[in-house]
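Open the model in your viewer and keep the selection tool at hand. This tour goes stop by stop, saying what to select and what is there.

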Amino acid sequence: MPKVFSMDDEEVAMKAAERRERQSSNKALDDGDSDIGFCGWLLVGLSLLLMVVTLPISIWMCIKIVKEYERAIIFRLGRLLRGGAKGPGLFFILPCTDSFINVDMRTITFDIPPQEVLTKDSVTVSVDGVVYYRVQNATLAVANITNADAATRLLAQTTLRNVLGTKNLAEILSDREEIAHSMQSTLDDATDDWGIKVERVEIKDVKLPLQLQRAMAAEAEATREARAKVIAAEGEMNASRALKEASLVIAESPSALQLRYLQTLNTIAAEKNSTIIFPLPLEMMQAFMKR
């Protein structure tokens, strides 16, 4: 019977193939100048002889210095020199056969240009960010890619668009830390073969279209007005309940109503009003109406 492979088996096989390829690449880099051939060693010997003959002048051409935050990648006859990156401090090269490239190991920052992204719920937003990265392996950064800085910048833009395309607008506005962490993990895995370590990714600003801003402002205002009306209605209901309880208490004692009248008159008189209203009992008016 034919074998059936699942998606997990395919992913495992792909990762194993990538691992073997990476190991073979690293082995080739570690071999360095061990396979330069007879002609290569002959040229190296002539270079040494030339250096000895021209001493002490040639010593100034052979000794190089790299700073604390730099590493030097030496090529001998076009092949990487065994031992990896050199530095910091002094190192020695042969004239005519050796060349070197300085690599800065400090943390580098760059801004991701604003990217027009269509979110999962079909809303167009403009998002920008900032990326912090450094060279972790100088040999891989020189041997495996032409321009690690430019490649990291382009990959950051693409990753930002891909990650935001799977989120809706509410998630983009509220889950910036999660989006930044997802971008950092994706970039770090992608740039591992280039000797790059992505230390941090931050989302700087999310710009919405003007019409969408107006619609969201109108929605928020309507929500606040509805909430205010609900709160006012709840206050009226509580006040009506309190008035009902107060009326029941006053109904049990007729003298309490007269005391309430006097308290109201005292309050009105304290405000120095020119007009004072005297409440009359309804029973008195009914007596006059009967006559």
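A salt bridge here is a side-chain nitrogen of Lys or Arg within 4 Å of a carboxyl oxygen of Asp or Glu. Keep in mind that this is a predicted model.

**Stop 1: salt bridges**

Select Arg 76 and Asp 98. They form a salt bridge, with the closest N and O atoms 2.9 Å apart. The pair links distant parts of the chain: Arg 76 is in strand S2 (residues 70–76), and Asp 98 is in strand S5 (residues 98–104), 22 residues apart. Are these two residues buried or exposed? Both Arg 76 and Asp 98 are buried.

How many salt bridges does a search of the whole structure find? It finds eight. Side chains of opposite charge can pair when their charged atoms come close.

Move to helix H5, residues 148–164. Select Asp 149 and Arg 153. Their side chains meet in a salt bridge, 2.8 Å from N to O. Both residues lie in H5, four residues apart, which is about one turn of the helix. Asp 149 counts as partly exposed, because its relative accessibility is 26%. Arg 153 is also partly exposed, at 31% relative accessible area.

Next, select Glu 178 and Lys 167. This salt bridge has an N to O distance of 3.9 Å. Here too the pair links distant parts of the chain: Glu 178 sits in helix H7 (residues 176–190), while Lys 167 sits in the loop between H5 and helix H6 (169–174), 11 residues away. Glu 178 is partly exposed, with a relative accessible area of 47%.

**Stop 2: helix H7**

Stay with Glu 178 and extend the selection to the whole of H7. At 1.5 Å a residue, its 15 residues should span 21 Å; the end C-alpha atoms are 21 Å apart, so the two agree. Now colour Ile 179, Ala 180, Met 183, Leu 187 and Asp 188, which are buried. They cover an arc of only 160° around the axis, so they are on the same side of H7. Turn the helix over. The face away from the buried side carries the exposed residues Glu 177, His 181 and Asp 189.

**Stop 3: helix H2**

Select residues 37–53, which make up helix H2. Its 17 residues should span 24 Å at 1.5 Å a residue, and the end C-alpha atoms are 25 Å apart, which agrees. Which residues of H2 are buried? They are Gly 40, Val 44, Ser 47 and Met 51. Look down the axis: these buried residues fall within an arc of 60°, so they line one face of the helix. On the other side of H2, Phe 38, Cys 39, Leu 49 and Val 53 are exposed.

Leu 49 has a relative accessible area of 52%, so it counts as exposed. Leu 49 also belongs to a nonpolar surface patch of about 720 Å². To see the whole patch, add Phe 38, Leu 42, Leu 43, Leu 46, Val 53 and Leu 77 to the selection.

**Stop 4: cysteines**

Select Cys 39, still on H2. It is exposed, with a relative accessible area of 57%. Then pick Cys 62. It is in no disulfide, and the nearest cysteine sulfur, that of Cys 96, is 9.1 Å away. Cys 62 is buried, with a relative accessible area of 0%. In contrast, Cys 96 counts as exposed, at 74% relative accessibility. The structure holds zero disulfides.

**Stop 5: backbone details**

Keep Cys 96 selected and turn to its backbone. Cys 96 lies in the loop between S4 and S5. Its phi is near 75°, a positive value in a residue other than glycine.

Go to Ser 122, in the loop between strand S6 (108–118) and S7. Its phi is also positive, about 65°, although Ser 122 is not a glycine. Ser 122 is exposed, with a relative accessible area of 58%.

Now find Pro 88, in the loop between strand S3 (79–80) and strand S4 (89–92). The peptide bond from Gly 87 to Pro 88 is cis, with omega near 0°. For context, most residues other than glycine have a negative phi, and most peptide bonds are trans.

**Stop 6: strand S7**

Finish on Tyr 133, in strand S7 (residues 124–135). Tyr 133 counts as buried, because its relative accessibility is 2%. Add Phe 110, 23 residues from Tyr 133 along the chain; their C-alpha atoms are separated by 8.9 Å.

Notes:
Residues numbered from 1 in each chain as written. Predicted model: local features only at pLDDT ≥ 70, side-chain atom pairs only at ≥ 80, totals over all residues. Heavy atoms only, no water. Patch = residues over 30% accessible without salt bridge, like charges linked within 9 Å, V, L, I, M, F, W, Y side chains within 5 Å. Areas by Shrake-Rupley, 256 points an atom, 1.4 Å probe, with all protein chains shown as cover. Helix = DSSP H or I, 4+ residues; strand = E, 2+ residues; numbered from the N terminus. Buried < 20%, exposed > 50% of the residue type's maximum accessible area, 1.4 Å probe, protein only. Disulfide = S-S within 2.5 Å. Expected span 1.5 Å × (residues − 1). Arc of directions from axis to C-beta.
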